[in-house]
Amino acid sequence: MKKTTVYLFCILLSQTIIAQIKLGAPCASKQELQDVAGKYQTAAQYPWPAVRAAYFSNLSAAADKAIAKQTLGQIEILEQKSRANFNFTGGFWEAYYSTEGYKYAGNKKLADYRFQIALHEYICINKKATRNDEYSTVLRVYLNTIPFNEMSRHLEMALNGYINLGNYIYKDWKNYKLGGVAPTIELANYITVKNDGLANTINTGDGYWQDIPEKQIRKNTYDHIYRYWFITKNNIPLLVPVTRKEYLESLLEYFEREKLYFAKQSAGSGKGYENWQGIVEGKKAKVVSLLKENSTEWLSKQAVINFTEDSYQNQKQKLPEYTSSFTFRKFYDNENGACPLYKYNPACFSATTQSPANPQFITLSFRYASMPVHLRLLDNFTKNFDRSAWGQLLK
C-alpha cells in the first residue's frame with residue numbers, strides 16, 4: 001500500500017470514529033468507556049491554532065522549516081501505518097509537532113525537532129463522558145537529539161553541570177554571542193551511559209530498550225515505563241568510547257580555558273581564586289606526565305571517571321573549591337559509581353554541507369502505563385515497528 005493511500009485511509013478512519021462518540025454522553029464508569037471507539041487527531045487538526053502556528057517557529061531558516069515539516073509529516077504517516085489494522089478504543093490519540101531550535105552533537109550543528117502523539121483517555125465525570133486533559137501514555141520521536149533530561153537516570157551529558165567557564169567553554173569564545181549555539185570544548189561533549197544494555201541498543205539498533213524490566217512492572221497502575229528505539233544511518237554506532245588519551249588531552253584544553261576564566265574572576269573580587277596559577281599548573285603537570293609515561297595500549301583504553309569521588313577527595317583534602325575541579329587522580333575501572341565516557345560518532349553525520357534539519361539520527365520514546373488501553377497501543381506499535389522504514393528517513 002502506498003504512503004498516500006495509508007494516510008488517506010487513516011484520515012477517513014479517524015473521521016468515521018469521531019462520529020461514534022460525543023463528549024457529554026451518559027456513562028456509569030470509566031471502565032465502560034475503555035471499549036468505546038477512539039478518536040484520532042492529526043497534528044494538522046490540533047485544536048489550538050496558536051500552537052499549530054508555532055510548530056516551526058524555533059527554526060530560523062526557511063529551508064530548515066521545510067525539511068522539518070516534510071520529515072515530521074513522514075513520521076506521522078509511519079505512526080498511522082502502524083495502526084492500519086488496529087481497533088483503537090478508550091480515548092483520543094492526539095498528535096502535534098514541535099521544534100526546539102539548534103544544538104551541537106559534538107561538532108555537528110543539528111536542528112532539534114519532534115513529533116508527539118499522546119493518549120487522552122475517556123473518563124466519566126458526573127456520569128458524563130469527557131476527555132482527560134492529562135496523559136500518561138505518549139509516543140515521542142526526537143530528530144537529531146537524545147532526550148537527556150528524560151533519560152538522565154540512565155544516560156546524560158557527563159560533565160556539563162560541573163564545568164564553570166562562562167563563555168570560555170566555547171571553542172571560538174572570542175566570537176561567541178550571548179544566547180547563541182556554538183561548539184564547545186571536548187570535555188563538555190562527553191556522555192555517560194549507565195546501563196550496558198542501553199549502550200548496546202543505542203549502538204546496534206537491535207530491538208528496543210526498556211527502563212523497567214517486565215517482571216518488575218506493577219500491573220494495572222499508572223506508573224510510567226519507558227521503551228526506546230534508536231535509529232542511525234546504516235546502523236553505524238551513534239556513540240563511541242572516549243579513550244584515556246582523548247580524556248587527558250581534553251583536560252589540558254580545559255586547563256588552558258581555566259587560565260582565561262580564573263584571570264578574569266581574580267581581577268574582580270578575587271575571592272576563592274587565590275594562587276590559581278600554581279594550582280592549574282600543578283593539575284596540568286600531572287596530566288602531561290601521564291600522557292608521557294604510559295603506553296599506547298594503556299592510553300587507548302576507554303576513559304572511566306568518577307567526578308563525584310574526585311570532588312569528595314578535593315573536599316577531604318581541603319583543596320580550594322573553585323580552582324581544584326578536575327584534579328586528576330585515576331581512572332575508576334570496575335568501581336562503584338564509575339562512569340565510562342562516550343562521545344558522538346562523527347561517522348554518523350553527513351560530512352557534506354547540508355541543512356542542519358536533515359535527519360541524522362532518531363530516538364523514539366514510548367512512555368506508557370500498565371493499563372489495558374495503554375498496553376494495546378504499546379503492543380501494537382512494537383509489533384508493527386518497521387525499522388527499515390524509519391531508517392529511510394535519515395539523509
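This briefing describes the overall make-up, cross-links, helix packing and selected loop residues of one protein. The model is predicted, and the statements below should be read as descriptions of that model. The protein has ten helices and 13 strands, and its C-alpha trace spans about 75 × 45 × 45 Å along the principal axes. Of the 395 residues in the protein, 50% are buried. Where contacts join residues at least 6 apart in sequence, 77% of them join residues at least 24 apart.

**Disulfide**

- The structure contains one disulfide, which joins Cys27 to Cys124 with an S to S distance of 2.0 Å.
- The torsion about the S-S bond of Cys27 and Cys124 is about 105°, and the disulfide is therefore right-handed.
- This pair links distant parts of the chain, since Cys27 belongs to the loop between α1 (3–18) and β1 (39–41) while Cys124 belongs to strand β3 (residues 108–125), the two cysteines being 97 residues apart.
- The two cysteines of the bond fall into separate accessibility classes: Cys27 is buried, with a relative accessible area of 7%, whereas Cys124 is partly exposed, with a relative accessible area of 21%.
- Two further cysteines can be described by their accessibility, with Cys339 partly exposed at 21% relative accessibility and Cys348 buried at 1%.

**Salt bridges**

- The structure holds 20 salt bridges, and the bullets that follow describe some of them.
- Glu79 and Arg83 form a salt bridge in which the closest N and O atoms are 2.7 Å apart, and both Glu79 and Arg83 are buried.
- Lys194 pairs with Glu156 in a salt bridge whose closest N and O atoms are 3.0 Å apart.
- Because Lys194 sits in the loop between β7 (191–193) and α4 (196–204) and Glu156 sits in strand β6 (residues 155–157), this pair ties together parts that are 38 residues apart in sequence.
- Both partners of that bridge are partly exposed, Lys194 with a relative accessible area of 43% and Glu156 with a relative accessible area of 26%.
- A salt bridge also brings together the side chains of Glu335 and Lys330, at 2.8 Å from N to O; Glu335 is partly exposed at 34% relative accessibility, and Lys330 is partly exposed at 38%.
- Glu256, Lys259, Glu281 and Lys284 are joined into one network by salt bridges that share partners.

**Packing of helices α5 and α6**

- Two packed helices are described by the angle between their axes and the distance between the axes.
- Helix α5 (residues 244–266) packs with helix α6 (residues 276–293) at an angle of about 170°, and their axes are 10 Å apart.
- Angles over 145 degrees count as roughly antiparallel, and α5 and α6 are therefore roughly antiparallel to each other.
- The contact includes Leu248, Leu251, Leu252, Phe255 and Phe262 on the α5 side, and Trp276, Val280, Val287, Val288 and Leu291 among the residues on the α6 side.
- The residues of this contact divide into twelve nonpolar, one polar and eight charged.
- The charged residues in the contact include Glu256 and Lys259 of α5 as well as Glu281 and Lys284 of α6, and these four residues are the ones joined into one salt-bridge network.

**Residues in loops**

- Asp206 is found in the loop between α4 and β8 (209–210), where Asp206 is exposed with a relative accessible area of 51%.
- Leaving aside residues up to four places away in sequence, Asp206 touches Thr201 and Arg387.
- The C-alpha atoms of Asp206 and Trp229 are 8.4 Å apart in space, and the two residues are 23 residues apart in sequence.
- Most residues other than glycine have a negative phi, which gives the background for the two residues described next.
- Asn220 has a phi near 55°, a positive value in a residue other than glycine; Asn220 lies in the loop between β8 and β9 (221–232) and is exposed, at 56% relative accessibility.
- Phe326 has a phi near 65°, again a positive value in a residue other than glycine; Phe326 has its place in the loop between α8 (307–316) and β12 (339–344), and is buried, with a relative accessible area of 4%.

Conventions. Residues are numbered from 1 along each chain as its sequence is written. This is a predicted model: local features need pLDDT of at least 70, side-chain atom pairs count only at pLDDT 80 or more; totals for chains, interfaces and linings use all residues. Side-chain values use heavy atoms; hydrogens and water are left out. Buried means under 20% relative accessible area, exposed over 50%, partly exposed in between (1.4 Å probe, protein chains only). Helices (H or I, at least four residues) and strands (E, at least two) are DSSP runs, numbered from the N terminus. A disulfide is a pair of cysteine sulfur atoms within 2.5 Å. Contact means heavy atoms within 4.5 Å. Axes are lines fitted to C-alpha atoms, for helices over the stretch in contact, and angles run from 0 to 180 degrees between N-to-C directions. Angles under 35 degrees count as roughly parallel, over 145 as roughly antiparallel, 65 to 115 as roughly perpendicular and the rest as oblique.
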